[in-house]
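Please open the structure in your viewer and keep the sequence at hand. This tour proceeds stop by stop, stating what to select and what is found there.

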Amino acid sequence: MNDAKSTSSEGSAAGSFSLRPLDGAMADEVERLLSGRTRDIRLTGDLRRRYDEKSWRQTAKVIRSWMIWVAFVDILTLALNAMLLPRQIVLTMVAPACLLPPAAILTAIVWSKPRAAAVQRASLLAGMCLILLSVALVGVFAGGEFYERHLSIMLFVATSAITIFSVPLAWTVAIACYALCLYFILQWHNPILDAGSVVAATLFFSCGIIATVVARRTMNILAQKTFLLDCRDQRRVAELADANARLERLARTDPLTGIANRRWMMETLEGLWRNDRETGVVAAMLMCDIDHFKALNDKLGHGEGDRCLVKVAGIIQSCVRADRDLVSRHGGEEFLIVLPDVDEDEAIAVAKRIRESVEAAALPNPSSGVGPSVTLSVGVALKSALDADISLANLQHEADMALYRAKEAGRNQVCVFRRPYQAAPSATEQIAARR
């Protein structure tokens with residue numbers, strides 16, 4: 001592919017890279033590349049950096065494994081030669097053979113973690129030059145039949161590296177050119193070959209090397225195309241997840257007030273009931289209703305009625321605990337509030353604060369029978385863990401009953417539902433709860 005400037009960004013955590021959704025410009029570039037011919041794919045800029053980050057771990061692992069294996073084979077071959085060949089020939093092989101293991105091991109160390117692009121490029125190319133030179137010089141120093149044999153082995157080593165190293169095309173071409181030039185120069189000085197044989201052999205091996213480079217280029221292009229397809233799929237999955245999240249929010253949110261709707265509240269309450277506790281108050285339920293709301297709509301119009309609902313919903317939300325309490329629009333002008341883990345005094349205090357805040361907002365309702373502004377009636381029902389037989393439907397019915405009583409008593413007040421076995425409040429407590 002193109003001569004990329006890096007196989008990994010300096011200091012990037014390539015080992016833990018995860019494919020992130022693309023921004024708009026990169027997504028357009030991905031679509032453009034995929035819509036054209038595969039052989040014309042060229043990754044540049046941010047896309048190239050993302051590809052290098054994603055592929056670095058696998059590329060580095062292959063390079064390290066290859067380097068270690070080549071060093072092992074070199075040492076093993078030298079040991080076998082020491083046992084099988086004459087001592088004089090073995091001694092000529094030792095010096096050039098000892099050049100290979102340090103070069104391979106140092107290259108493997110450099111590729112053990114992400115480094116600057118220049119460092120990785122220099123280490124790989126220098127390491128390959130020393131490795132190929134070491135293999136070639138072993139034959140040159142040994143002479144005779146070993147001369148041409150080791151030069152052929154050197155080309156085989158270069159070919160194997162080109163085949164498995166998924167590096168930029170420029171690096172691959174550099175390794176190929178170096179191997180062919182080294183082969184030609186050393187063969188030219190081979191005393192047992194004439195010039196014609198050297199040229200013919202070099203051309204023959206050049207065809208094989210060039211075919212290997214072309215195959216490596218094709219594999220790089222296919223790998224980059226796979227990366228582009230992954231990027232597109234990742235973006236589509238992210239878009240689908242975002243669309244599903246929006247649909248879920250729409251399904252659970254009242255479109256006018258922006259607070260939860262009745263469906264979401266019921267689902268949440270069912271979960272709360274399943275996680276009941278052994279002692280203490282589990283929840284208080286507040287049913288709120290805007291007094292004379294129909295008269296407001298008839299007098300001021302439905303637009304003003306909608307604005308009133310939005311403002312009242314905002315006031316209610318400002319009076320409860322944002323991280324724990326639940327608020328939903330339960331019907332036309334009704335709101336349901338659930339206060340987990342509160343006692344009766346706390347529930348009544350919240351209900352009074354909501355009622356007083358709505359009244360203090362002085363939202364106009366000239367047709368109200370209570371006063372010139374919007375008011376709220378609130379019914380309160382409580383469930384303790386001791387009330388094992390009180391279901392969610394029962395508690396909601398009790399909150400409705402308390403709201404009904406608040407309206408019967410004159411509206412704009414708070415009323416608490418009390419079960420027959422509960423102690424009746426004093427007259428003072430009754431007056432305080434209603435106000």
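Is Pro102 buried, partly exposed or exposed? With a relative accessible area of 41%, Pro102 is partly exposed; buried means under 20% relative accessible area, exposed over 50%, and partly exposed in between (1.4 Å probe, protein chains only).

Before continuing, note that this is a predicted model, in which local features need pLDDT of at least 70 and side-chain atom pairs count only at pLDDT 80 or more, while totals for chains, interfaces and linings use all residues. Residues are numbered from 1 along each chain as its sequence is written, and side-chain values use heavy atoms, with hydrogens and water left out.

**Helix α4.** Select residues 100-110, the helix α4 that holds Pro102. Helices (H or I, at least four residues) and strands (E, at least two) are DSSP runs, numbered from the N terminus. Now add Ile131: its C-alpha is 9.3 Å from that of Pro102, although 29 residues separate the two in sequence.

**Helices α5 and α6.** Select residues 117-142 (α5) and 145-164 (α6), whose axes come within 6 Å and cross at roughly 165°. Therefore α5 is roughly antiparallel to α6. Axes are lines fitted to C-alpha atoms, for helices over the stretch in contact, and angles run from 0 to 180 degrees between N-to-C directions; those over 145 degrees count as roughly antiparallel.

**Helix α2.** Select Leu80, which belongs to helix α2 (residues 45-84). Leu80 is partly exposed, at 39% relative accessibility. Next, add Trp69, Phe72, Val73, Leu76, Met83 and Leu84, which together with Leu80 make a nonpolar surface patch of about 760 Å². Patches are made of residues with over 30% relative accessible area and no salt bridge; like charges are joined within 9 Å, and nonpolar side chains (Val, Leu, Ile, Met, Phe, Trp, Tyr) within 5 Å. A salt bridge is a side-chain nitrogen of Lys or Arg within 4 Å of a carboxyl oxygen of Asp or Glu.

**Two loops.** Most residues other than glycine have a negative phi. Select His292, in the loop between β1 (281-290) and α10 (293-300). His292 is not a glycine, yet has a positive phi of about 50°; its relative accessible area of 26% makes it partly exposed. Then select Asn412, in the loop between α13 (392-408) and β5 (414-416). Asn412 also is not a glycine and has a positive phi, of about 55°, but Asn412 is buried, at 14% relative accessible area.

**Helix α12.** Finally, select Arg355 in helix α12 (residues 344-361). Arg355 is buried, with 7% relative accessibility. Add Val378, 23 residues away along the chain, and find its C-alpha 7.3 Å from that of Arg355.

Methods: Accessible areas come from the Shrake-Rupley method with a 1.4 Å probe; for residues, only the protein chains shown count as cover. Angles under 35 degrees count as roughly parallel, over 145 as roughly antiparallel, 65 to 115 as roughly perpendicular and the rest as oblique.
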